Amino acid sequence: MKIKFSLTSKVSYPLVFVCVSSVSTQLMAAQTAPQLSAEERACMSLRFDDFSKLESGEAATNVIESSFVKGYQMNATESEWAYKHSRLMGAPIPRSQTQLPDHCLVKGYVSPTIRFELRLPARALWNQKYLLNACMGFCGDVSPYPPMAGIVRHYATMSHDGGHTAYGFDGKWARNNQQLKIDFAYRANHVVAVAAKAIMEKFYHTQPQYSFITGCSKGGHAGVMAAKRYPNDFDGVIARGPTVNYTDVNLVNCMDNARAVLNDRDEPILSSQEIPMIASAVMSACDHKDGLVDGVISDPRLCDFDPQTLACEAGQVSNCLSTQQVEAVKALYAPSKNAQGEVIYGGLPYGSEPEWVGWVTPLLTQLQPFAYYAATEYLKYLAYPEALDIDYDWRDFSYQNEKENLQEISKLIDADDPDLRQFKNSGGKMIVLHGWSDAAIPAYATIDWYENVESFMHTHHQEVRDFARLFLLPGVIHCGIDGPGNSTYDAISALEAWVIGGVAPDSLLTQKENALGEVIKEQPAYPYPMQAVYNGKGDPTKATSFYAGFLK
Ligand SMILES: [Ca+2]
């Protein structure tokens, strides 16, 4: 048993006595309760084990709660979120799943403040694998749903809060706090994996045979970052909608979108009411360009919609866009360019309009668009070593002028270094997925990054497709399953076939489900730059009606 209190502690003796007494009572209960199996006792005693020496103390960890969970039935909220998260993780579970397998639930933290939850399937069920679900957005809470989903498929599954408490795109936790920025940027995913492996060794008496990291958005960034900084932590990475170039995501993409849709008084130029009209006009103009009128724009690059066509005629006041709104919509689709006219960040893709509600138009009248919060909170609290003055006007910010001042945060948090040779040489494999209807992180950014990696690796006589493949998913939105595209796919099985079996994913079956979880259509996805092309005659809801080719 570890010593919880030092002799030099300023805590008064009676309190020390009470605490030690309480710990002893719990331990005795665990040891003497006759109904507990050895496995249950091993789970309970994890909280008394000493994990303070991990990485010579650098990854000092404390388990604060461990209990064996038997016959757990998820309630409606839990099963709904576990179902959704299993799809974001690329490890789908059935819609009807409500029962969790017996498991050891471990909660704790890694120094200084990275809280985690680790669910360990019962020893007889465990598949010998570890799955880390990296947190998304600005992180800030420990979600139980990814681990619930992961253990259904018998992975020892973990989630964590990125090292701080936050809500949504809230950056105040980072104010003048370099350690929390580092933890959020890259360290948290490494040290929780170190902790998880040590805890697994205690519980299972062996380390996992394979380790994987998965996540969406910032959680996708996490896998790419881990491949670069800690190439031996994970055998495989699933990265969906990754925010690879994180500073550009916030200060170019989100910043420009916020500027496009808010006037000088930060009032919305566009409202959620205009979105269905824009979405429907884009769909009418471009749905057929992929050879199939199905409510999905398979390749927005083939679309040439002009927002001017929605401009109000003289005297028209409804079902049309004002001049100011037309300009806003044009700006949203347009890429962000520097003074030399080079593209820094791709614009929002055609077909992403349904997800503009929330991201570029306020979800509620009391709120600003998410893009506004991501841009301004990042700018105020993360971008510079010292937080900006509270009265700073975000509109004064110039990415071009500030490039040099942003180098420090970029070095910390951007995951766009194309040199992934160490990850490749260690046998690592990566499946990257990006929805074409993503209105938060345009897929163009991920394509640019992937092509940079391809070019770098090629220059060094290696091929990116040998260890990392990108799948662009038509109609799929950002970290959600509600878009028109097929958002269910078993990426983890494909990844394992690659890592363990040496079989690279030449295609990935994607499915769309109805509210009951029944599959209503299927389509293959092919590694970039290949695309699924409709054969012009088969049932468009069947995967066999598509072949690998190029849309023109
Ligand atoms: Ca279509």
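**Exercise 1. Two crossing helices**

Take helix H5 (residues 178–204) and helix H6 (residues 218–229), whose axes come within 9 Å and cross at roughly 75°; work out how to describe the pair and which residues meet.

*Solution.* First, the ground rules. We're working on a predicted model, where local features need pLDDT of at least 70, side-chain atom pairs count only at pLDDT 80 or more, and totals for chains, interfaces and linings use all residues. Residues are numbered from 1 along each chain as its sequence is written.

Step 1: know what the labels mean. Helices (H or I, at least four residues) and strands (E, at least two) are DSSP runs, numbered from the N terminus.

Step 2: pick the descriptors. Two packed helices are described by the angle between their axes and the distance between the axes. Axes are lines fitted to C-alpha atoms, for helices over the stretch in contact, and angles run from 0 to 180 degrees between N-to-C directions.

Step 3: classify the angle. Under 35 degrees counts as roughly parallel, over 145 as roughly antiparallel, 65 to 115 as roughly perpendicular and the rest as oblique. H5 and H6 are therefore roughly perpendicular to each other.

Step 4: list the partners. On the H5 side you'll find Tyr 186, Asn 189 and His 190, and these meet Ala 222, Met 225, Ala 226 and Arg 229 in H6. A contact here has the C-beta atoms of two residues, placed from the backbone, within 7 Å.

**Exercise 2. The two sides of H8**

Check the span of helix H8 (residues 275–286), then sort its buried residues from its exposed ones.

*Solution.* Step 1: H8 has 12 residues and reaches 16 Å from its first C-alpha to its last, close to the 16 Å expected at 1.5 Å a residue. The expected span is 1.5 Å times one less than the number of residues.

Step 2: apply the burial cut-offs. A residue is buried if 20 or more other C-beta atoms lie within 10 Å of its own, exposed if 12 or fewer, and partly exposed in between, with C-beta atoms placed from the backbone. In H8 that makes Ile 278, Val 282 and Met 283 buried. They cover an arc of only 130° around the axis, which puts them on the same side of H8. The arc is that of the directions from the helix axis to the C-beta atoms.

Step 3: turn the helix round. Pro 276, Ser 280 and Ser 284 are exposed on the other side of H8. The spacing fits the usual rule: an α-helix has 3.6 residues a turn, so residues three or four places apart point the same way.

Step 4: ask what does the covering. Helix H9 (323–333) is included in what covers the buried residues of H8.

**Exercise 3. One face of H16**

Which residues of helix H16 (residues 491–499) are buried, and which strands do they pack against?

*Solution.* Step 1: the buried ones are Ala 491, Ile 492, Ala 494, Leu 495 and Val 499. Seen down the axis of H16, they fall within an arc of 160°, so they line one face of the helix.

Step 2: their packing partners are strand S6 (210–216), strand S7 (236–240), strand S10 (429–435) and strand S12 (508–513).

**Exercise 4. Backbone oddities**

Find where Pro 112, Pro 529, Glu 55 and His 205 lie, and say what the backbone does there.

*Solution.* Step 1: recall the background. Most residues other than glycine have a negative phi, and most peptide bonds are trans.

Step 2: take the prolines. The Ser 111 to Pro 112 bond is cis, with omega near 0°, and Pro 112 sits in the loop between strand S2 (103–110) and strand S3 (114–121). Tyr 528 and Pro 529 are also joined by a cis peptide bond, with omega about 10°; Pro 529 is in the loop between strand S13 (519–525) and strand S14 (531–534).

Step 3: take the positive phi values. Glu 55 has phi near 50°, in the loop between helix H2 (38–44) and strand S1 (61–69). Glu 55 is partly exposed, with 14 other C-beta atoms within 10 Å. For His 205, phi is near 65° and the place is the loop between H5 and S6. His 205 counts as exposed because it has 9 C-beta neighbours inside 10 Å.
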